[in-house]
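Let's take a friendly walk through a protein fold, one layer at a time. Keep the viewer open as you read.

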Amino acid sequence: MPVEFNLEALTRNNIRQLSPYSCARDEFKGRAAEVFLDANENPYNSSFNRYPDPLQEQLKAQLAPLKGVGEKQIFLGNGSDEAIDLVYRVFCEPRIDNVVAIAPTYGMYKVCADINDVEYRAIPLTEDFQLDADALLAATDNNTKVIWICSPNNPTGNSLDANAIKRVLTEFGGIVVVDEAYSDFSNKQPFRTQLATYPNLIVLNTFSKLWASAAIRLGMAFASEDIIALFNKVKYPYNVNLLTQQKAMDLLTDIPRINNWRAIILRERAQMLPSFAELPTCLKVFPTDANFFLARMTDANRIYQYLVGKGIIVRNRSRVKLCEDCLRITIGTPQENNALLAAMRQYK
C-alpha cells in the first residue's frame with residue numbers, strides 16, 4: 001500500500017533551521033565584472049587563483065540532458081561517498097534513527113552509518129542475490145529514515161528486481177537510495193528516469209566507472225529539487241574543485257570515445273565469463289550487469305595468493321556473507337583479461 005512521503009518531517013530539525021554558509025561566489029553571479037576583490041583570493045596565478053563555482057552550474061548544464069534530468073535535480077560531490085555521507089547528515093539523528101540495507105553490498109553505507117552514529121540494519125539477499133522486499137520492509141520501524149539499495153549490486157554484480165525496488169519505494173515513507181554506480185554497463189532502465197514518480201528516491205551515479213575517471217573523484221546524485229537543495233545547504237562550499245569540473249566537462253564532449261570503451265568492456269565481459277567458468281578451479285560464475293563478475297572458486301584464498309604472486313590483483317570476497325570462496329574480478333583490457341586466464345590455466 002502506498003504511504004505518504006513528508007520530506008520536511010524526515011529532515012533533521014537542525015538541518016531545517018540551518019543557515020548555510022554564504023560564500024563570495026554565491027553572493028555574486030554576474031559575468032561582466034573584471035575586478036574581483038571579494039573573496040580574499042591571491043590576484044596572481046591566473047586560472048587557478050579563483051574559487052571554483054560552488055554549484056558547478058556549467059557542468060550540470062552539460063550533464064542534465066545526457067542524464068535526462070533537470071539541472072536542479074543534480075548534486076555533484078567528491079565521489080559518491082560525499083552524497084552517501086550527506087544522506088546521513090541531512091536525514092538521520094545520531095543514536096536515534098536507523099537505516100536498512102541489503103547484504104552483501106557496498107561497504108561505505110555502513111562505514112558512514114558508523115561515523116554518523118546511526119544504527120545499520122543489514123538484511124541478507126536471497127540465495128540468488130535478489131532483494132527480499134518483505135524482509136527489507138519488515139526491518140523498518142518508526143525511526144528508519146533510509147533504505148540503501150545498490151543495483152547492479154557490489155560485490156554480486158547483478159541487477160536487483162525492479163518491481164521489488166518499486167514496491168520498497170511505494171511502501172516505505174522514508175528515503176530510498178538506489179546506487180546505480182554500475183548501471184552504465186546494464187541494459188536495465190535506470191531509476192533516475194523515475195524521479196517524478198517517486199519523490200523519496202535518490203539515485204547515485206559516478207564518473208569512476210564507465211567514464212574511467214576514478215582519480216578525479218566526482219560523484220553524482222539525482223533527486224527532487226527539494227532534496228538536492230538540502231544537499232546543497234549542508235555540503236561544504238567548494239566541494240568540487242576546478243580541475244575536476246574541467247576534466248568532467250572535457251569528458252562530456254567526447255561521448256563517442258566513452259561509448260567505445262563501454263562496447264569493448266561489454267564485449268570482453270561476454271567472452272570472459274564463459275572462459276572463466278570453464279576453469280577447473282571455478283565452481284560458478286554469477287550473472288552480472290556490471291564491469292566485474294563474482295566467481296565461486298575451489299579455494300579462493302589460495303588462488304588469490306597465487307595470483308598476487310603472478311602480479312595479478314583481484315578482490316577476495318571470501319569473508320563476505322553469501323560470498324564465501326568468491327573472487328570479484330574486474331573486466332580489464334583484452335591483454336589483462338588474457339593474462340588472468342593464462343595464469344589461471346597454469347594454476348595447480
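What follows goes from the whole chain to its two sheets and then to the helices that pack around them.

## The chain as a whole

Please keep in mind that this is a predicted model. The protein chain contains 13 helices and 11 strands. Along the principal axes, its C-alpha atoms fill a box of roughly 70 × 50 × 30 Å. How does the radius of gyration compare with that of a compact globule? For 348 residues such a globule would have a value near 20 Å, and the 22 Å of the protein chain agrees with this.

Burial and contacts add to the picture. Of the 348 residues, 51% count as buried. Among contacts with a separation of 6 or more, 70% come from residues 24 or more positions apart.

## The sheet of 7 strands

Let's turn to the first sheet in this tour. This open sheet has 7 strands in the order β1-β7-β6-β5-β4-β2-β3, and its pairing is mixed. Which strands stand at the edges? They are β1 (74–78) and β3 (119–124); each has a single partner strand, so one side of each is left without a neighbour in the sheet. On average, neighbouring strands here are turned by 25° against each other, direction ignored.

Inside the sheet, strand β2 (residues 98–103) pairs with strand β4 (residues 144–150) in the parallel sense, over 4 bridges. If you want a spot to click on, try Ala-101, which stands opposite Trp-148 in β4.

Helices also lie across this sheet. Helix α4 (residues 57–67) lies across β1, β6 (201–206) and β7 (218–222), and runs at about 120° to β1. Helix α9 lies across β1, β5 (175–179), β6 and β7, with an angle of about 30° to β1.

## Helix α5 and its contact with α9

Helix α9 has a helix partner too. Helix α5 (residues 79–91) and helix α9 (residues 225–234) have axes that come within 10 Å and cross at roughly 95°. That makes α5 roughly perpendicular to α9. On the α5 side, the contact uses Ala-83, Leu-86, Val-87, Arg-89, Val-90 and Phe-91, which meet Leu-230, Phe-231 and Val-234 in α9. By residue class, this contact has 8 nonpolar, no polar and 1 charged.

Is α5 enclosed or open to the outside? Of its 13 residues, 12 are buried, so α5 is largely enclosed by the rest of the structure. The buried residues include Glu-82, Asp-85 and Arg-89, along with Ile-84 and Tyr-88.

## The sheet of 4 strands

The other sheet on this tour is also open, with 4 strands in the order β8-β9-β11-β10 and antiparallel pairing. Its edge strands, β8 (282–285) and β10 (315–316), each pair on one side only.

Strand β8 and strand β9 (residues 292–297) run antiparallel and are joined by 3 bridges. A hairpin of 6 residues leads from β8 to β9. Two bridge partners help to set the register: Val-285 has Ala-295 as its partner in β9, and Cys-282 has Met-297. With β11, β9 pairs in the antiparallel sense over 5 bridges. There, Leu-294 has Arg-328 in β11 as its bridge partner.

How many residues of β9 are buried? The count is 5 of the 6, so β9 is largely enclosed by the rest of the structure.

Helix α12 (residues 300–309) packs on this sheet and touches β9, β10 and β11 (326–330). The direction of α12 makes about 40° with that of β11.

## A second helix pair

Helix α11 (residues 255–277) and helix α13 (residues 334–345) pack at an angle of about 0°, and their axes are 11 Å apart. The two helices are therefore roughly parallel to each other. From α11, the contact takes in Glu-268, Met-272, Ser-275 and Phe-276. From α13 come Pro-334, Asn-337, Leu-340, Leu-341, Met-344 and Arg-345. These residues divide into 6 nonpolar, 2 polar and 2 charged.

Here are the two helix pairs together.

| Helix pair | Axis distance | Angle | Residue classes in the contact |
|---|---|---|---|
| α5 and α9 | within 10 Å | roughly 95° | 8 nonpolar, no polar, 1 charged |
| α11 and α13 | 11 Å | about 0° | 6 nonpolar, 2 polar, 2 charged |

Note on methods: Residues are numbered from 1 along each chain as its sequence is written. This is a predicted model: local features need pLDDT of at least 70, side-chain atom pairs count only at pLDDT 80 or more; totals for chains, interfaces and linings use all residues. Side-chain values use heavy atoms; hydrogens and water are left out. Axes are lines fitted to C-alpha atoms, for helices over the stretch in contact, and angles run from 0 to 180 degrees between N-to-C directions. Angles under 35 degrees count as roughly parallel, over 145 as roughly antiparallel, 65 to 115 as roughly perpendicular and the rest as oblique. Contact means heavy atoms within 4.5 Å. Ala, Val, Leu, Ile, Met, Phe, Trp, Tyr, Cys and Pro count as nonpolar, Asp, Glu, Lys and Arg as charged, and the others, Gly among them, as polar. Two strands pair if DSSP finds at least two bridges between them. The radius of gyration is taken over C-alpha atoms; the globule rule is 2.2 Å times the number of residues to the power 0.38. Buried means under 20% relative accessible area, exposed over 50%, partly exposed in between (1.4 Å probe, protein chains only).
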